[in-house]
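Grab a coffee and open your viewer. Here are some short exercises, each with a worked solution.

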Amino acid sequence: MISFNERCYALLRTVPKGKVTTYKALAHALNTKAYRAVGNAMNKNPYAPKVPCHRVVGSDGSLVGFASG
């Protein structure tokens, strides 16, 4: 079984270059309301930049929760 984080990363890989999505939209696509869990997965992303967590923004379009490093 694929972990929640891995499902998030697989979905995020489909976001085209030059586009952004939201934590809410990713959660919705994963059939959950766990927006914070999506954010937590992005924070722990071991595949950056191949899995472009920098393409995820807050629902209002703001940069939120970005943890560079």
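## Exercise 1: A ring and its neighbours

Let's start with a charge. Arg-13 sits over the face of Tyr-47, 5.4 Å from the ring centre. Keep in mind that this is a predicted model.

**Task.** Find the structure's one aromatic pair and work out whether Tyr-9 and Tyr-47 are stacked or edge-to-face.

**Solution.**
- Step 1: The ring centres of Tyr-9 and Tyr-47 are 5.5 Å apart, and rings pair when their centres lie within 6.5 Å.
- Step 2: Their planes meet at 80°, and planes over 60 degrees apart count as edge-to-face. So Tyr-9 and Tyr-47 form an edge-to-face pair.
- Step 3: Now place both rings on the chain. Tyr-9 belongs to helix α1 (residues 4-12), while Tyr-47 is in the loop between α3 (35-43) and β2 (56-57). The two are 38 residues apart, and the pair links distant parts of the chain.
- Step 4: Check the accessibility. Tyr-9 is buried at 2% relative accessible area, whereas Tyr-47, at 32%, is partly exposed.

## Exercise 2: What holds Asn-45?

**Task.** Asn-45 is in the loop between α3 and β2. Is Asn-45 buried or exposed, and which backbone atoms lie by its side chain?

**Solution.**
- Step 1: Asn-45 has a relative accessible area of 11%. Buried means under 20%, so Asn-45 is buried.
- Step 2: A polar atom of the Asn-45 side chain lies 3.3 Å from the backbone nitrogen of Ala-48. The backbone oxygen of Val-51 is 2.7 Å from a polar atom of that side chain.
- Step 3: Beyond four places in sequence, Asn-45 touches Tyr-9, Val-51 and Cys-53.

## Exercise 3: Two cysteines

**Task.** How many disulfides does the structure hold, and how far is the sulfur of Cys-8 from that of Cys-53?

**Solution.**
- Step 1: The count is zero. For Cys-8, the nearest cysteine sulfur is that of Cys-53, 11 Å away, and a disulfide needs the sulfurs within 2.5 Å.
- Step 2: Cys-8 is buried at 2% relative accessible area; Cys-53 is buried too, at 15%.

## Exercise 4: Into the core

**Task.** Which residues touch the most other members of the largest nonpolar core?

**Solution.**
- Step 1: This core has 14 residues, and Cys-8, Leu-12, Val-38, Met-42 and Val-56 touch the most other members. The elements giving two or more residues to this core are α1, α2 (23-29) and α3.
- Step 2: Zoom in on Val-38. Beyond four places in sequence, Val-38 contacts Phe-4, Cys-8, Tyr-23, Leu-26, Ala-27 and Leu-30.

Key. Residues are numbered from 1 along each chain as its sequence is written. This is a predicted model: local features need pLDDT of at least 70, side-chain atom pairs count only at pLDDT 80 or more; totals for chains, interfaces and linings use all residues. Side-chain values use heavy atoms; hydrogens and water are left out. Rings of Phe, Tyr and Trp (its six-membered ring) pair if their centres lie within 6.5 Å; planes under 30 degrees apart count as stacked, over 60 as edge-to-face and the rest as tilted. Helices (H or I, at least four residues) and strands (E, at least two) are DSSP runs, numbered from the N terminus. Buried means under 20% relative accessible area, exposed over 50%, partly exposed in between (1.4 Å probe, protein chains only). A charge sits over a ring if NZ of Lys or CZ of Arg is within 6 Å of the ring centre and within 35 degrees of the ring normal. A nonpolar core is a set of buried Ala, Val, Leu, Ile, Met, Phe, Trp, Tyr and Cys residues joined through side-chain atoms within 4.5 Å. Contact means heavy atoms within 4.5 Å. A polar contact is a pair of N or O atoms within 3.5 Å; within protein, one must be able to donate a hydrogen and the other to accept it, and residues adjacent in sequence count only if both atoms are side-chain atoms.
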